[in-house]
Structure formats: C-alpha cells, structure tokens
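Me: I'm new to this one and would like to know what lies behind the labels people put on it. Can we go through them one by one?

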Amino acid sequence: MNLQEEFQAGKVLLIDKPLNWTSFQVVNKLRWEIKQAFKLKKIKVGHAGTLDPLASGLLVICTGKMTKEIDSFQAQIKEYTGTIVLGSTTPSYDLETEINKTFPTEHITEDLIKETTKQFIGDIEQYPPVFSALKKDGKRLYEFARAGEEVEIKPRNINIAEFEITNIRGLEVDFRVVCSKGTYIRSLANDFGKALNSGGHLSALRRTKIGDFDVTNGVSIEDFISSLNNQIE
C-alpha cells in the first residue's frame with residue numbers, strides 16, 4: 001500500500017496544535033495539503049475533539065476510513081495542563097474576553113488551594129461556558145453571548161479523575177487535570193475560583209493526552225507538511 005492509499009484507507013495523525021488556530025483550521029489545512037500532495041479531488045479528514053484557539057496541544061486527526069473511529073476517540077479520557085489566575089473573572093472564563101470582575105484573595109493560602117481541588121474529584125455537574133460552540137435552539141452559545149442575550153444553560157455530568165496543583169506563583173496556579181469527555185477546563189477554572197470564595201479564569205491550557213495518545217508523539221503542522229512532501233518526492 002502506497003502513501004496515498006494509506007491516507008485514503010485511514011490514518012491517525014497526532015498534531016500539536018499551536019495557539020490561535022481553531023481545530024477546524026487545522027483540519028482544513030491538513031486536508032488541503034493531502035489533496036495537493038496526491039492530486040486528490042477529495043479526502044475525508046476530521047478531528048477527535050475540539051481545542052479552543054487559545055489552547056495548544058494534542059489534536060487527533062483522522063483521515064479516510066479512520067474518520068469512523070472519531071466518536072470512540074472522543075469518548076476517551078483526556079489530560080490537560082494549564083494555569084488558573086485567581087482573583088478575577090472574565091465572561092468567557094479565559095483570555096478571549098477582558099476581566100469583568102475582581103475579588104479578594106487575601107484569604108487564599110497554598111493549603112486552601114490544594115484542599116479545594118478535592119471538591120472537584122469524581123462525578124460532578126458542570127455548566128458549560130456561555131462562550132462555547134454548543135448549540136441551543138439552532139444557534140451557537142457564543143452567538144447569544146456576543147449579542148448580549150441571556151440564555152439558559154443546563155449542567156452536564158462529567159468526571160474528573162485527577163486534579164493536581166503542580167505550582168503556585170502568587171495568584172497563578174498551575175494544574176494538571178484528567179477528565180471525561182465533555183469537560184470544560186474553562187468552567188473548572190471559573191468554578192474553582194468560586195469554591196475559593198474568590199474568582200478565577202484560565203490563562204493557559206494545553207491538552208497532553210487523549211486515551212493512549214500523547215502529545216509527546218505529536219508533530220507541528222509545519223513538520224507534518226514537510227514530512228509529507230519529503231515522502232512523495
């Protein structure tokens with residue numbers, strides 16, 4: 001089987017998504033490069049789990065017949081690392097929007113931060129951010145949010161297997177989370193701030209694992225394109 005046939009039969013590509021790219025842009029870029037490389041009119045390419053533009057890390061890309069496996073990959077547990085800034089919130093729960101409220105932080109100690117993580121371990125209810133691509137009444141939630149419209153959001157059941165604090169630098173708290181499909185780390189940051197009787201928002205996020213797939217085995221978009229072109233020359 002030659003390389004073109006491999007892509008059409010189905011490959012799983014591990015991409016280390018850069019900041020400021022949407023997952024959709026990555027899929028479109030790779031699809032275009034594969035089509036150009038093999039002079040194809042079309043080929044199926046999809047991703048197994050969206051990463052926000054302000055997040056980096058593991059994006060599992062499936063081609064050809066492997067796109068049928070996307071749902072099973074999406075259902076697997078995920079690991080993230082990132083940073084929560086305490087004492088302030090934003091409407092999007094991350095840096096997509098400006099800080100809208102500030103809160104006291106004098107009472108927050110390292111011990112309190114570490115102890116509070118225990119509240120989030122196990123099966124919990126979580127409200128998705130209003131600035132998200134989830135649909136309600138045929139519209140994306142972020143469309144309501146950007147228009148300043150109130151919208152009722154229902155909580156969803158998720159599972160957090162691990163929530164570890166890896167470093168504390170003043171109000172910046174580095175963490176590692178292992179969680180189920182459907183978990184919004186932005187919501188976790190917001191809820192964590194509330195649980196500390198303060199506020200919190202996400203300032204950095206990186207997906208490190210999906211099931212057995214690890215970002216250490218991922219490649220940049222540029223390296224994928226370079227490797228693809230080298231293999232067909």
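Me: Why does Asp-52 count as partly exposed?
Reply: Keep in mind that this is a predicted model. The relative accessibility of Asp-52 is 26%. Buried means under 20% and exposed means over 50%, with partly exposed in between, so 26% makes Asp-52 partly exposed.

Me: What does UniProt list Asp-52 for?
Reply: The UniProt record, an unreviewed entry, lists Asp-52 for "active site". That annotation may be inferred rather than shown by experiment. In the model, Asp-52 is found in the loop between β2 (45-47) and β3. Leaving aside residues up to four places away in sequence, Asp-52 touches Lys-17, Trp-21 and Arg-186.

Me: And Ser-56, is that buried or exposed?
Reply: Buried: the relative accessible area of Ser-56 is 13%, and the cut-off for buried is under 20%. Ser-56 lies in strand β3 (residues 56-63).

Me: What makes the link between the side chains of Ser-56 and Arg-206 a polar contact?
Reply: The distance is 3.1 Å, and the limit for a pair of N or O atoms is 3.5 Å, where one must be able to donate a hydrogen and the other to accept it. So the Ser-56 and Arg-206 side chains are joined by a polar contact.

Me: On to the rings. How many aromatic pairs does a search of the whole structure find?
Reply: Seven aromatic pairs. One of them is Phe-7 with Phe-224, at 6.4 Å centre to centre and 80 degrees between the planes.

Me: Why is the pair of Phe-7 and Phe-224 called edge-to-face?
Reply: Centres must lie within 6.5 Å to pair, and planes over 60 degrees apart count as edge-to-face. With 6.4 Å and 80 degrees, Phe-7 and Phe-224 fit both. Phe-7 lies in helix α1 (residues 3-9) and Phe-224 in helix α7 (residues 221-232), so the pair ties together parts 217 residues apart in sequence.

Me: How do you know that Phe-120 and Phe-163 are edge-to-face too?
Reply: Their centres are 6.2 Å apart, with 75 degrees between the planes, and the cut-offs are within 6.5 Å and over 60 degrees. Phe-120 counts as buried at 9% relative accessibility, and Phe-163 is buried at 7%. Phe-120, Phe-163, Phe-175 and Phe-192 form one aromatic cluster.

Me: What makes you say that the charged end of Lys-11 sits over the ring of Phe-7?
Reply: The charged end of Lys-11 is 5.4 Å from the ring centre of Phe-7. The distance limit is 6 Å, and the charge must also be within 35 degrees of the ring normal. Lys-11 counts as sitting over the ring of Phe-7.

Terms used. Residues numbered from 1 in each chain as written. Predicted model: local features only at pLDDT ≥ 70, side-chain atom pairs only at ≥ 80, totals over all residues. Heavy atoms only, no water. Phe/Tyr/Trp six-rings, centres within 6.5 Å; stacked < 30°, edge-to-face > 60°. Helix = DSSP H or I, 4+ residues; strand = E, 2+ residues; numbered from the N terminus. Buried < 20%, exposed > 50% of the residue type's maximum accessible area, 1.4 Å probe, protein only. Contact = heavy atoms within 4.5 Å.
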